[in-house]
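Biologist: I would like a close look at one part of this model, starting from a single charged side chain. Please begin there and then work outwards.

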Amino acid sequence: MNGMRYSALRYSSGIALQTSFFNANDGTTTTILTLFTIFAVIWYTWMFTKSKKSSPPGPRGLPIVGSLPFLDPELHTYFASLSSTYGPVLKLQLGSKIGIVVTSPASAREILKDHDVTFANRDVPTAGLAATSGGRDIVWNPYGPEWRMLRKVCVLKMLSNTTLDSVYGLRRRELRQTIGYINSRARSPINIGEQMFLTILNVITNMLWGGTVEGNERANLGAEFRQTVSEMTGLLGMPNVSDFFPALARFDLQGIVKKMNGLTAKFEKMFDVMIDQRLKTNEKGGDTAGPSGKDYKDFLQFLLQLKDEADSKTPLTMIHVRALLMDMVVGGSDTTSNSTEFAMAEIMNNPEVMKRAQQELDEVVGRGNIVEESHIHKLPYLYAVMKETLRMHPALPLLVPHCPSETCTVGGYTIPKGARVFINVWAIHRDPSVWENPLEFNPERFLNGKWDYSGSDFNYFPFGSGRRICAGIAMAERMFMYSLATLLHSFDWNLPEGKKVDLTEKFGIVLKLKTPLVAIPTPRLSDPTLYE
Ligand code: HEM
């Protein structure tokens, strides 16, 4: 724009020059006109090549719709294949939006470390707005005081190591219940992901308001909620015309917002019941002690108290309370349970890994005991299994897309303000220039302690990095390790007759197995009462 204004100015001053010299000297006029034309051509050529050079390469796409018609639903593998043609920073025209795909550790570092503040924003999909009261949660809030306040509240009061230590009893109770349930169905097929989902959902809802799904409801409600969360994360990852042509958003052409509203309503109904009940109890001055007893007030109680302390500069409102409950339930459940399911699928596909993990458990815990969370720090091989699972199947293969608040340069290319930036951590984790035999499930590569997921290593960052790094790492690692250790220690696992493990992935904002893992447990502890 400035360039155009500048060239117009030069052009008009050229005319002025031309007029004043016109009558005086025809030869001089011709020379000046020629020089002016040459200068203009050089200047335009320079400007054109400069802007071409600084824009990332990428497929041309069609007029108006750009690359939208060519997007493969398996976005993570599709983006990986594009990057092998166009390089580690590529551009896609997606309707009126620009998508940027980043597939190298160096560029990921530039975004998540060097330009962290600029990229700590989101281009919120309309499906995300529908799910979280207009994006007023942690995941979709732009970087700023509201996001900071919400994140602080959650990390301090729900997801810190101190809080998690104080509610170990909850995790233990839920996992023991799951093990009891699986034992009651020993030697028959078990849907492992479903059981893990239910376990983590119960832990989370217990921490939130002290409620769980039990008894006969357990199997049915667990499956129903899992299906709901899975559909929600599927919709969040699905390309939506409304996002790429905002003028069309009100028509909701794919019906994504309508579907999302229906799914969200199921949870909101549950939240409303819990909130109403609690407000009534509080009004009556009732007992508000948390689920684990004296020390821990549940998270809902804490949020409602904080909401009433209206003197804060960034007050917490009821909209935030509901949005935070949604973040914890949706953000915490599918990620952790799908990862545990992937781990079990890889282990069952690699009997040597199963043998070694069980051997370690027998040495550290013993078959006459049950696994406690305190054991997990003494299980380096199992820890390596978890890390290797998160390498091959990172729960959020493209992270949550980032969005720069101003135009900046990455890998020598200009990334425009407002672009939707996909960081393909899935592809980086399989880059053969970083990983030896990247397609091989080999936990041993993590045994030397070289890689950690704290966000400082841009070859391996399944939880992201920088300001927007996952808020629930401590909870995720405890639930993942504790569940995996307990499943492998309590049972031998076999596939139903004639079945094979299918490791095919299905893309969504949260990755999952295309075919759920169903396996048959056989108890392996020495004393049957350990399953009670
Ligand atoms: C294996 C389990 C998990 C994995 C692999 C995982 C991974 C991630 C990743 C990659 C991000 C996005 C980072 C980015 O935008 O760059 C994220 C964000 C987030 N995660 Fe997790 N997560 C897991 C479990 C959990 C749990 C258990 C909770 C809470 C109960 C949680 C809460 C969140 C929240 C609130 C955010 C948004 C952070 C923000 O935008 O500031 N996650 N997670």
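Which residue forms a salt bridge with Arg-478, and how far apart are the closest N and O atoms?

Modeller: The partner of Arg-478 is Glu-373, and the closest N and O atoms of this salt bridge are 3.3 Å apart. The two residues are 105 positions apart in the chain: Arg-478 is in helix α19 (residues 473-490), and Glu-373 is in the loop between α16 (351-364) and α17 (380-392). This is a predicted model, in which local features need pLDDT of at least 70 and side-chain atom pairs count only at pLDDT 80 or more, while totals for chains, interfaces and linings use all residues. Residues are numbered from 1 along each chain as its sequence is written, and side-chain values use heavy atoms, with hydrogens and water left out.

Some terms need their cut-offs. A salt bridge is a side-chain nitrogen of Lys or Arg within 4 Å of a carboxyl oxygen of Asp or Glu. Helices (H or I, at least four residues) and strands (E, at least two) are DSSP runs, numbered from the N terminus. Buried means under 20% relative accessible area, exposed means over 50%, and partly exposed lies in between, with a 1.4 Å probe and protein chains only.

By that definition Arg-478 is buried, with a relative accessible area of 11%. Glu-373 also counts as buried, at 8% relative accessibility.

This pair belongs to a longer list, as the structure holds 22 salt bridges. Another joins Lys-506 to Glu-74, with the closest N and O atoms 4.0 Å apart. That pair links parts of the chain 432 residues apart: Lys-506 is in strand β8 (residues 505-506), and Glu-74 is in the loop between α2 (26-54) and α3 (75-86). Lys-506 is partly exposed, with a relative accessible area of 33%.

A further salt bridge joins Arg-420 and Asp-243, at 3.6 Å from N to O. Here the separation is 177 residues, with Arg-420 in strand β6 (residues 420-423) and Asp-243 in helix α12 (residues 241-244). Arg-420 is buried at 9% relative accessibility, and Asp-243 is buried at 7%. Both belong to a network of salt bridges that also includes Lys-97 and Asp-123.

Arg-420 leads to strand β6. In a regular strand the side chains alternate between the two faces of the sheet. In β6, Arg-420 and Phe-422 point one way and Val-421 and Ile-423 the other way, and all are buried. Two strands pair if DSSP finds at least two bridges between them. Strand β2 (residues 97-102) and β6 pair in the parallel sense over four bridges, and Val-102 stands opposite Ile-423.

Helix α19 brings us to the ligand. Cys-470 is found in the loop between α18 (425-428) and α19. Its SG atom, at 2.3 Å, is the only protein donor of the iron atom of the ligand. Donors are N, O and S atoms within 2.8 Å of the metal (3.2 Å for Na, K and Ca); water is not among the atoms, so sites may look incomplete.

A separate sheet has three strands, in the open order β3-β10-β7, with antiparallel pairing. β3 and β7 stand at the edges with a single partner strand each, so one side of each has no neighbour in the sheet. Strand β3 (residues 190-191) pairs with strand β10 (residues 518-523) over two bridges. Ile-190 has Ala-519 as its bridge partner, and Asn-191 stands opposite Val-518. On the other side, four bridges join strand β7 (residues 491-494) to β10, and Phe-491 has Pro-523 as its bridge partner.

Lastly, Asp-298 lies in the loop between α13 (256-283) and α14 (299-308). Asp-298 is buried, with a relative accessible area of 2%. By contrast, Leu-253, in the loop between α12 and α13, is exposed at 56%.
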